[in-house]
Amino acid sequence: MSFGVAALWLLGFLVLFNFLAYRRLGLGAFTLAFLVLLVAYSQFGHGHIAWKVVLWVLWGGLAFLNVRPLRKTFVTRWIFRVFRRALPNMSSTEREALEAGTVWWDGELFTGNPDWSMLVAAKAPQLSAEERAFLDGPCEELCRMADEWDITHRRGDLTPQMWDYLKSKGFFAMIIPNKYGGLEFSAYAHSCVLVKLASRSTTTSSTVAVPNSLGPAELLLHYGTEEQKNYYLPRLARGEEVPCFALTGPRAGSDAASLPDTGIVCRGTYQGREMLGLKLNFSKRYITLAPVATVIGLAFRLFDPDKLLGGDQTDYGITCALIPRGTPGVTIGRRHFPLNVPFQNGPIQGRDVFVPLDFIIGGPKMAGQGWRMLVEQLSVGRCISLPSNTTGGAKAGTYASGAYSRIRRQFNMPVGRFEGVEHVLARMAGHTYIMDAARSVTAGAIDSGERPSVPSAMLKYHVTEFGRMVANDAMDIHGGKGICMGPKNYLARGYQVVPVAITVEGANILTRSLIIFGQGAVRCHPYVLKEMDAARNTNRVAGLAQFDRALFGHIGFAISNAIRSFVMAFTLARFTRVPDHGSTRRYYQQINRFSASFALAVDVAMLSLGGYLKKKENLSARLGDVLSSMYLASMVLKHYENQGRPPEDLPIVQWACMTLLYKAQEQLHSFLRNFPIRSLAWLMRLLIFPRGLTYSAPNDRIGRAIVDSIMTPSATRDRLCDGIYRTLEPHNPLGLLQEALVLSITAEPIEKRIRVDGIKTGRVTALDLPTQVQQATAAGIITETEAAMLRDYDRKVMEIVNVDDFAQHELGVQAMPAEPTAQIA
Ligand SMILES: Cc1cc2nc3c(=O)[nH]c(=O)nc-3n(C[C@H](O)[C@H](O)[C@H](O)COP(=O)(O)OP(=O)(O)OC[C@H]3O[C@@H](n4cnc5c(N)ncnc54)[C@H](O)[C@@H]3O)c2cc1C
């Protein structure tokens, strides 16, 4: 009996504690609630008096924590001291990278309790009439002009007409404001242009992406002097200048901040005038547009050994300048050959290149600000260029594969009807949806003023990785058709360019292992940056007060996340509050659950491993994957809302969310399995997976529903692949595939009649379709009109299915001299 009563009191305590923690009520509320409980227990509980005294002492400790001056002096001060000592030194470069950009939805996911109203209220991205006209006009025309086989195989370059068109229509000036003669497009429009171009020609889209991304125009706009802006921006907008940006060199790739290129402040002569300037020595490689660039954005390390700039510093750090191509000492013009996709890319060297000081972007006052400028601009550029190009390629691959798998028959069936192919097609559609959702919703956020740096790393990594999977899948579905190169191959160049997207703007392994979580943990965490700022505050008193606030906020936050994680995992997140979005409601709830579990894991990992976590890249990478999965699933849900929740698209949304949440579960599980402090790993496991692993990957039924809409001319297919170049014209494979797909709907029942009434009954005996059609017409199984339709359809299908062949000399392969015949002794 007394045991039962004690258990009831304990239960009461646990319920109260869980309720307060789950609802994130503050220390004051905890203290008050426990006071009431303790008074009741002292009055009515049957515990021993000594036990009651212990509880009152504990409560006294809790009450003491409410008195801030005492708490600061007797508790926080000690923790503050240890924290300051343990905090690793952070270089200004690292700090600038961490502080670049803004925190957006990514920050909510770190809270363990995301405020969905923020995402729900975010405006759907939209095109203005002018932007729409550009996509339907010049962009469409440029796609028409682009013959990828001619560009990649014969010419190794865009045609002169394309170069002229790119420059004159402002393709290089999408981010330049109208007042300088640019197009001043929204981030979303910029992204849509790249999507369309990438669906037609990866060489063209890569060429267009660079000047509109991280490069001279972007840097000038944000940091340039008025004089620099007024000179360069109109010239860039008119295409009179072609820019490139040179950061990478043979010794500084991923670790670009360690570049050995130097600029020494000294006196010298420029264009016959003696002046204070910079002597530059540099060696760069992989620089896109370098061979044709007229102006080079250059990153180098600035030194002022003689203190000619008037300061005390001698090493200013990374600095960016604009160097005209013809400057004496600059060697430029040779080309690299990036994987058969010959956009202009090459090395640049400079030896004792002397330029005036005001060639520094922003003038001498911006000396040493280069790294900050680059990482800040990367937070926008990285959300657009590669994610858009890759999404364009994925949309084209999915559009083509959906049609191809319907019109390509084997074993008397469209290949897409085989379960094996169906599985792959569903995956392509699902991945394409995720990519499109991520790039468009995030572009919309940029248009609302965000500069989302952590999402930019997530998009860079995941969208290009999904792009790689879509490219592989498209190749598999097309079989030999995808492999044999030639004008008829619409996949191979897109497949070949995948590693370029994986490598540039932060190679993917590094981005996953080091950047996504590493930057997110500090930047997005509601307390960590505050604690670090407090610890670095040179005013100790203010620092202590700041730290005290952050620390106690953090402790409450961690307790709450532990409880929220456990409760939501136990109840499968059925009761957590989310926007009421009908059929997708559960996915919102599951993101809530993962957000709490993730926040708990982050705190435990940071607290227990500290700086060592940076070295444990696989743990960071897995936490980054969990964060990214939640982010991408949120983008999918928002995209679905933005598109008006079409019920036909629901299977793709379900597939995407289930795949992402399943991945979040698996990565969190792998994180726990590899967590080095096993006791903590088990504790986390209890709080995160009390019922084990409860999520599953999407089932085959969902896959089948998706594939039906991708292999049929449907609204879902159109929406998923919206924005690609699919105009019906003789040289556009996407248009021709769609035409054949539409015809297949009429042709299939006629073919079936030939099979059932003709072949199976022995009235049609031929093995090839044209003769079967002839025999079926003669036997009255199909009409003359139907026969004509089927012949036309078959001709169109075979046009698509056929591949190219070449004479030896057409391949540009030199005939080898005959081997001398071996002498037989
Ligand atoms: C076609 C093309 C176009 C380019 N255009 C430009 C341009 O216009 N301007 C410009 O400045 N640069 C450009 N680049 C350079 C590009 O940004 C670099 O290639 C990229 O930063 C990687 O450097 P790297 O190739 O030297 O690889 P490395 O730095 O040698 O890296 C090798 C591998 O190690 C991994 N790695 C490195 N460090 C870590 C780590 N700490 N943790 C985990 N993994 C790690 C990387 O992810 C990569 O997989 C271009 C490159 C290419 C190929």
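Guide: Two strands pair if DSSP finds at least two bridges between them. Helices (H or I, at least four residues) and strands (E, at least two) are DSSP runs, numbered from the N terminus. You're looking at a predicted model, where local features need pLDDT of at least 70, side-chain atom pairs count only at pLDDT 80 or more, and totals for chains, interfaces and linings use all residues. Residues are numbered from 1 along each chain as its sequence is written, and side-chain values use heavy atoms, leaving out hydrogens and water.

Visitor: What makes E3 and E7 a pair?

Guide: Strand E7 covers residues 345–356, and 9 bridges join E3 to it, with the two running antiparallel. Pairing takes at least two bridges, so E3 and E7 qualify. Look for Thr-288, which stands opposite Asn-345 in E7.

Visitor: How do you know that E2 pairs with E3?

Guide: Strand E2 (residues 262–270) and strand E3 (residues 273–288) are joined by 9 bridges and run antiparallel. Tyr-270, for one, has Arg-273 in E3 as its bridge partner. The two strands form a hairpin with 2 residues between them, and Gln-271 in that turn has a positive phi of about 50°.

Visitor: Why are H16 and H17 called roughly antiparallel?

Guide: The axes of helix H16 (residues 419–447) and helix H17 (residues 453–478) cross at roughly 155° and come within 9 Å. Angles under 35 degrees count as roughly parallel, over 145 as roughly antiparallel, 65 to 115 as roughly perpendicular and the rest as oblique. H16 and H17 are therefore roughly antiparallel to each other. Their crossing is left-handed.

Visitor: What makes the contact of H16 with H17, by class?

Guide: The contact has 15 nonpolar, 4 polar and 3 charged residues. On the H16 side, the residues that meet H17 include Val-421, Leu-425, His-431 and Arg-439; on the H17 side they include Leu-459, Phe-466, Gly-467 and Asp-473.

Visitor: Why is Leu-425 called buried?

Guide: Buried means under 20% relative accessible area, exposed over 50%, and partly exposed in between (1.4 Å probe, protein chains only). Leu-425 has 0%, so it counts as buried. This residue sits in helix H16. Leaving aside neighbours within four places in sequence, Leu-425 is in contact (heavy atoms within 4.5 Å) with Ser-401, Gly-402, Ser-405, Ile-477, Val-707, Ile-710 and Met-711.

Visitor: And what makes Arg-417 partly exposed?

Guide: Its relative accessible area is 29%, which falls between those two limits, so Arg-417 is partly exposed. You'll find Arg-417 in the loop between strand E9 (413–414) and H16. Setting aside neighbours within four places in sequence, Arg-417 touches Arg-406, Glu-422, Asp-708 and Met-711.

Visitor: How do you know that helix H13 is mostly covered?

Guide: Of the 8 residues in H13 (residues 216–223), 7 are buried. Among them are Pro-216, Glu-218, Leu-220 and Tyr-223. The cover includes helix H12 (202–212), helix H14 (226–237), strand E1 (243–246) and helix H15 (370–407).

Visitor: What packs against the buried residues of H19?

Guide: That would be helix H9 (148–155), H12, H15, H17, helix H18 (480–483) and helix H20 (508–523). The buried residues of H19 (residues 492–503) include Ala-492, Arg-493, Val-497 and Ile-502. Just after H19, Glu-505 takes a positive phi of about 55°.

Definitions and conventions: Axes fitted to C-alpha atoms, helices over the stretch in contact; angles between N-to-C directions. Left-handed = near helix turned anticlockwise from the far one by under 90°. Nonpolar A, V, L, I, M, F, W, Y, C, P; charged D, E, K, R; others polar.
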